[in-house]
Amino acid sequence: MKSSLKILVTFLILQIVFGCSSKKENTKEVKQPIKEMTAAKILGNPEYLAISYGGYRAKSREVQPTISELKEDLKLMHAMGIRILRTYNVQPKLPHASNILEAISQLKKEDENFEMYVMLGAWIDCLNAWTGKVPNHEIESDQNEGEISRAVALANKYPDIVKVIAVGNEAMIKWATSYFVRPNVILKWVNHLQDLKKEGKLSKDLWITCSDDFASWGGGDPSYKVKELEDIIRAVDYVSMHTYAYHNSHYNPEFWKVPNHEKGLSDKEKIDQAMLRALNFAKTQYKDVSDYVKSIDSTKAIHIGETGWATVSSGHYGANGSRATDEYKQGLYYKHLRDWTNKEGISCFYFEAFDEQWKDAHNEKGSENHFGLFTLKGEAKYPIWDLVDKGIFKDLKRNGNSIIKTFKGDKEALMKDVLVPNTEYHR
């Protein structure tokens, strides 16, 4: 009897222990695998913020960022909520883009929650571009075929990461006098990539575009509105347009001028109003492109492949020019563009994540070196001071430096560099 009772008690205890253990196991949080994403799901999705990324830290692109350095940057961007990057070329001597893809691949293996995608650029040139000879804009460079082939190979090697191929960067705009090509060249390569998709040689979900100035997409000078452009619009999966109120503060400054009815405002109020006009400038260029594109193909989406604001300038945009340049104005522009594009379902590949000093290597204060949201040392500029406050960069570094705010977070010190827009100067 005692033996039977002992067995019963033991049985009951085991049931209770097993039941509790099972309950605990059932309530344990189960990690959901990252769902398969496509360009169609990513573009226009405010949960997948976009940015243009160059990881170069030296004064020459001959010094390539290491995989380790790229992983540093990728972790910083991921912490910001960035989920899709734009790169610019896949040239043999510049393995930057392929190294980014490898760095992302490694991070995904190290952390199942790491998620990042790429809009892979293939650089397109005309004959004699960058050679010292006179560029021939009627004939394309022999290098274009190899550039497209390399982009295809990378898209096939990393199909889980490469979601877009962009044929050319500002390759049709005529002010790109060193290298621009006629639209028929862009059309040729867009059609080639679309044919590879049809043949099963590229993923059917890979999107093809070209990334160019708003005018090249029919949003400006009527001379760009040619049949080949109409064919490109029909051929791409979406339109990637660029808009730069910053540069137009010098070249097309009517919107930048303080209007008479604002003359009585404080300096800060004048600056704040100018940045709202900069936002409206971008909105107007977007609408002009959209109106034209939709007249050709009403189904085509338009996203912003580039827009940005520099924080240092020794040239047209500094104190002796339009006075567009400082971190406060960059902060307002960044916020305005993100708010607008997120609300409207427009992807904005903001230019750019980090300062790069190779772009104007002989002029340290050249504006092209200072479009980043981070400095070369990894200091967070004013647009993302709030992210530092939230602690999202805790334990993350760049070049061995913890992420701190520029100006040591002193806004009063920052504002000393901030000037009212100027349009009355010698051009």
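**Stop 1: Thr307 and the strands around β9**

Select Thr307 in this predicted model. Tyr350 of β10 stands opposite Thr307. Now show both strands, β9 and β10 (residues 348–350). They run parallel, and two bridges join them.

Extend the selection to the whole of β9, residues 302–307. Is this strand mostly covered or mostly open? Mostly covered: six of its six residues are buried.

Turn to the pairing with β8, residues 239–242. β8 and β9 also run parallel, joined by four bridges. To find the register, pick Met241 and Ile304. Met241 stands opposite Ile304, which belongs to β9.

**Stop 2: helix α10**

Add α10, residues 327–344, to the view. Together β9, α10 and β10 form a β-α-β unit, and its hand is right.

Start at the beginning of the helix. Select Asp326 and Tyr328. A side-chain oxygen of Asp326 comes within 3.1 Å of the backbone nitrogen of Tyr328.

Then check the length of α10. Its 18 residues, at 1.5 Å a residue, should span 26 Å. The C-alpha atoms at the two ends are 26 Å apart, so expectation and model agree.

Colour α10 by burial. Of its 18 residues, 13 are buried, so the rest of the structure largely encloses the helix. A general point helps when reading such a pattern: an α-helix has 3.6 residues a turn, so residues three or four places apart point the same way.

Step off the end of the helix. Gly345 follows α10, and its phi is positive, near 70°.

**Stop 3: Asp297, in the loop before β9**

Go back along the chain to Asp297. This residue sits in the loop between α9 (267–296) and β9. Is Asp297 buried or exposed? The relative accessibility of Asp297 is 15%; buried means under 20%, so Asp297 counts as buried.

Show the side chains of Asp297 and Thr299. A polar contact of 2.6 Å joins them. Next, display what lies further off in sequence. Leaving aside residues up to four places away, Asp297 touches Ile233 and Arg234.

**Stop 4: Lys163 in β6**

Select Lys163, and you are in strand β6, residues 162–169. For a sense of the distance travelled, mark Ser295 as well. Lys163 and Ser295 are 132 residues apart in sequence. In space, their C-alpha atoms are 27 Å apart.

Lys163 is a buried lysine, with a relative accessible area of 6%. What does its side chain reach? Two polar partners can be picked out. One is the side chain of Glu36, in a polar contact of 3.2 Å. The other is the backbone oxygen of Met37, which lies 2.9 Å from a polar atom of the Lys163 side chain.

Now show the wider set of contacts, again without residues up to four places away in sequence. Lys163 touches Glu36, Met37, Thr38, Ala39 and Ile42, among others. Its contacts also include Tyr117 and Val118, as well as Asp205, Leu206 and Trp207.

**Stop 5: strand β3**

Two of those contacts of Lys163, Tyr117 and Val118, lead into β3, residues 117–122. Six of the six residues of β3 are buried, so the strand is largely enclosed by the rest of the structure.

Which residues share a side of β3? Tyr117, Met119 and Gly121 point one way. Val118, Leu120 and Ala122 point the other way. All of them are buried. In a regular strand, side chains alternate between the two faces of the sheet.

Look at the pairing with β6. β3 and β6 pair in the parallel sense over five bridges. Pick Val118 and its bridge partner in β6, Val162.

Then bring in β2, residues 82–86. β2 and β3 pair in the parallel sense too, over three bridges. Ile84 stands opposite Tyr117 of β3. From β2 the chain passes through helix α4 (residues 96–110) to reach β3, and this β-α-β crossover is right-handed.

**Stop 6: the cysteines**

Finish with Cys126 and Cys210. How many disulfides does a search of the whole structure find? Zero. Why does Cys126 form none? Its closest cysteine sulfur is that of Cys210, 16 Å away, which is too far for a bond. Seen from Cys210, the closest cysteine sulfur is in Cys126.

Check their surroundings last. Cys126 counts as buried, at 0% relative accessibility. Cys210 counts as buried at 2%.

Terms used: Residues numbered from 1 in each chain as written. Predicted model: local features only at pLDDT ≥ 70, side-chain atom pairs only at ≥ 80, totals over all residues. Heavy atoms only, no water. Buried < 20%, exposed > 50% of the residue type's maximum accessible area, 1.4 Å probe, protein only. Pairing = 2+ DSSP bridges. Right-handed = clockwise from strand over helix to strand, strands pointing away. Expected span 1.5 Å × (residues − 1). Polar contact = N/O pair within 3.5 Å; in protein donor to acceptor, adjacent residues only side chain to side chain. Contact = heavy atoms within 4.5 Å. Disulfide = S-S within 2.5 Å.
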